[in-house]
Amino acid sequence: MSARMGQEMDEILSRLEEDYVKAVKGNESGNVEDFVEKFLYDSWAYNEENMDNIKSVLSRYTRKEIHQSTFSGSFNEMVGHLQKKLKELDRDKNYPALHTDYGASVVVAFVDGLIIQYYVGVYSIDQLKNMTPAFKRLILEALTVET
């Protein structure tokens, strides 16, 4: 593999991270409930549009062409922005899990798990969109758990 190819892949990871942070910051919902709903719909659309880039980055990571610390650093950066935004929106602390170190990780795990199922053909994007109201309720319920 050429050094240039590795550089392009790092650029793709960087672009994916930038897009994610931009989407989180650009989600102007005024409360957790609306934010989660918009985040879900945006996630389905973004992943559908960018699946080739996401597959490329994941493939490169599994071949150890992206160092684990680079990949996890990027992932942590994205989750950190989500965590900050969700905590800001939950001013009344109706969702105790958001005020832990792993609150945003719960949301990301749920979404990423569904995206993997989309990737392997369990669900289509249209099915995910149709199920979004139920997914939203499940996520919000999970975030009410006090730990």
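Helices (H or I, at least four residues) and strands (E, at least two) are DSSP runs, numbered from the N terminus. This is a predicted model: local features need pLDDT of at least 70, side-chain atom pairs count only at pLDDT 80 or more, and totals for chains, interfaces and linings use all residues. Residues are numbered from 1 along each chain as its sequence is written, and side-chain values use heavy atoms, without hydrogens and water.

**Exercise 1. State the order of elements in the chain.**
Step 1: count them. There are five helices and zero strands.
Step 2: read from the N terminus. The order is α-α-α-α-α.

**Exercise 2. Test the chain against a compact globule.**
Step 1: take the rule, 2.2 Å times the number of residues to the power 0.38, with the radius of gyration over C-alpha atoms.
Step 2: apply it. For 147 residues the rule gives a value near 15 Å; the chain has 16 Å, so the two agree.
Step 3: add the extents. The C-alpha trace spans about 50 × 30 × 25 Å along its principal axes.

**Exercise 3. Compare the span of helix 3 with the expected one.**
Step 1: locate helix 3. Residues 68-89 form it, 22 in number.
Step 2: set the expectation, 1.5 Å times one less than the number of residues. That is 32 Å.
Step 3: compare. From first C-alpha to last, helix 3 reaches 31 Å, close to the expected span.

**Exercise 4. Find buried residues in the chain and in helix 3.**
Step 1: fix the cut-off. Buried means under 20% relative accessible area (1.4 Å probe, protein chains only).
Step 2: take the chain. Of its 147 residues, 37% are buried.
Step 3: take helix 3. Its buried residues include Phe71, Met78, His81, Lys85 and Leu89.

Methods:
Buried < 20%, exposed > 50% of the residue type's maximum accessible area, 1.4 Å probe, protein only.
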